[in-house]
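Open the model in your viewer and keep the selection box handy. The tour goes stop by stop, with a residue or element to pick each time.

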Amino acid sequence: MKFRSRFLEIDPGRPIVFINEEDAKRIKCRPTDLIKLEVGTKTVYGEVAIDNINIKPGEIGLTGEFLRANISQGEPVNVLPAGTPESVRYIKKKMRGEKLKKVEIEAIVKDIVDRKLREVEISAFVTALEVHDLDMDEVASLTVAMAETGDMLDIDRKPIMDVHSIGGVPGNKTNMIVVPIVAAAGLTIPKTSSRAITSAAGTADVMEVLAGVSFSLDEIKRIVEKVGGCLVWGGALNLAPADDLTIHVERALSVDPKGLMLASIMSKKYAMGAQYVTIDIPTGKGVKVEGMEQARSLAKDFIELGKRLGQYVEVAITYGGQPVGHSVGPALEARELMETLIHGKGPGSLVEKATGLAGIILEMGGIAPAGMGKRMAKEILESGKAYEKMREIIEAQGGDPNIKPEDIPIGDKTYTFTAATSGYITGIHNKAITEIARQAGAPEDKGAGIKLYVKVGEKIKEGNPLFTIHAESEARLEQAIVTARRSDPIKIEGMVLQRIGNL
């Protein structure tokens, strides 16, 4: 049945087709049913919603998702019931705990990307993986399927290096120092990053303070072939598009199946053509991986998956028990990393981690002899070569290569917390620090965040500053202050932790 299309000024994040109830009965569809839209030679899918107020008989209302299908306003569209995709049967198979074949996984991923699976069915798939997970055969099949249903990057400069942190540590702007060090050494490192999901700043959020991060694959290819590296937002690309749709469901369900996490990370490395990959697994209290045994097991999975994909993978298990450096939040982190690059030195945790990871990559790429990578990385940082390379990357991405740390605006609404007693810093709660920074407005408000003055193990006197909250509005600042008082993110104790008398 033919309908006249009309675009609605709403974008719920998924393709919804609004239809008059009278027409819905004619084509035998009900709310949430999947329907097929045929426009010329194109076929797209959407979920039915009934609307008798805004939608007249003979027309359909389309959400913003359909703009990407190049459907024009008023264009006639043939609408048909879509039926249940075969891939739903494979999802049910996984719900029973059975192993999926390669072709079955490919069918599920293709249907996710083609929008043949509704959110409820994707949720069932993600839940099945949370309960039963995937073995390594399934993870490898899922990784390749996720990569090959999107765009792939082919850069002429070889070898292609990449680095990824699984996250969880506030202030982790480490890769923004790793990339210019590695590129300055002559290796090629096209780094795609995410924006913050639950953190106070993703790498893309921090880089956006200094330069543009949204580019097409062709633009990235030109940037990387010119300067050797980039720091861009992966969400602007069609890399492993099924990943974005499953992440949306994972966030809603608060689950993170290990097999899906492995495929999510490695599919994007595969799509970027990475031949050598370094994975950073921060480990400690308050991060995704709290114990060394769990970290080692995950490291083995990454290495095994890399072998199946034809990639050489090394894993660094890093200390994640407190924030990296002294700043949390996009602009504050941008200031700190630029200060570190300009002066060739900075907070110990930031420099040690960045040069350690960069050193592994330099050794993997054959630039540094075994065991000498970290030293070479430090020399590149201290010599100013990493800073000059970062200037090239910033300029290639449309930013000001002469930007100075003090040129970066930060939130001018501030409040400083001080030590209520003298003693030693025995703990800094990662999740609490992140939540305070987010309440202050990060990452949406680029100038919002936290400046830390202490680290674990340091001695402090009563009245000394612990941290300053930065916000761009008084309302946000008040929210962050309330959160900080409630969560008490920094623990101070004396050397005598407990006194026990005779029993």
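Start at G441. This glycine follows helix α16, and its phi is positive, near 125°. Bear in mind that the model is predicted.

Now select α16 itself, residues 430–439. Its buried residues are N430, A432, I433, T434, I436 and A437. What lies over them? The cover includes strands β12 (327–328), β14 (423–428), β15 and β17 (465–471), along with helix α17 (474–487).

Step on to P443. This proline sits in the loop between α16 and β15 (449–452). Look at the bond before the ring: A442 and P443 are joined by a cis peptide, with omega about 5°.

There is another cis bond to visit. Select K158 and P159: the peptide between them is cis, and omega is about 0°. P159 belongs to the loop between α5 and β7 (161–165).

From that loop, go back to α5, residues 136–148, and add α3, residues 102–113. Two packed helices are described by the angle between their axes and the distance between the axes. Here the axes come within 9 Å and cross at roughly 40°. Parallel or oblique? An angle under 35 degrees would count as roughly parallel; α3 and α5 are therefore oblique to each other. The crossing is right-handed. Show side chains to see who makes the contact. On the α3 side, pick K102, I105, E106 and V109. On the α5 side, pick E138, S141, L142, A145 and M146. Colour by class and you get 5 nonpolar, 1 polar and 3 charged residues.

Next, move past α3 to R115, in the loop between α3 and α4 (119–132). R115 is not a glycine, yet its phi is positive, about 65°. Buried or exposed? The cut-off for buried is under 20% relative accessible area. R115 has 18%, so it is buried.

Compare T32. Find it in the loop between α1 (21–26) and β3 (34–39). T32 is another residue other than glycine with a positive phi, in this case near 75°. Its relative accessible area is 40%, which makes T32 partly exposed.

Now select helix α10, residues 258–271. How far apart are its end C-alpha atoms? They are 20 Å apart, which agrees with the span expected for 14 residues at 1.5 Å a residue. Switch on a surface for the rest of the chain. Of the 14 residues in α10, 12 are buried, so the helix is largely enclosed by the rest of the structure. Among the buried ones are G259, L260, M261 and L262. K268 and K269 are buried too, as is A271. Just after α10 comes G273, with a positive phi near 80°.

Last stop: A295, in helix α11 (residues 292–309). Its relative accessibility is 0%, so A295 counts as buried. Which residues touch A295, leaving aside neighbours within four places in sequence? Select I281, T283, V289 and I317. To finish, draw a distance from A295 to P241. The two are 54 residues apart in sequence, and their C-alpha atoms are 27 Å apart in space.

How values were computed
Residues are numbered from 1 along each chain as its sequence is written. This is a predicted model: local features need pLDDT of at least 70, side-chain atom pairs count only at pLDDT 80 or more; totals for chains, interfaces and linings use all residues. Side-chain values use heavy atoms; hydrogens and water are left out. Helices (H or I, at least four residues) and strands (E, at least two) are DSSP runs, numbered from the N terminus. The expected span of a helix is 1.5 Å times one less than its number of residues. Buried means under 20% relative accessible area, exposed over 50%, partly exposed in between (1.4 Å probe, protein chains only). Axes are lines fitted to C-alpha atoms, for helices over the stretch in contact, and angles run from 0 to 180 degrees between N-to-C directions. Angles under 35 degrees count as roughly parallel, over 145 as roughly antiparallel, 65 to 115 as roughly perpendicular and the rest as oblique. A crossing is left-handed if the near helix is turned anticlockwise from the far one by less than a right angle, and right-handed if clockwise. Contact means heavy atoms within 4.5 Å. Ala, Val, Leu, Ile, Met, Phe, Trp, Tyr, Cys and Pro count as nonpolar, Asp, Glu, Lys and Arg as charged, and the others, Gly among them, as polar.
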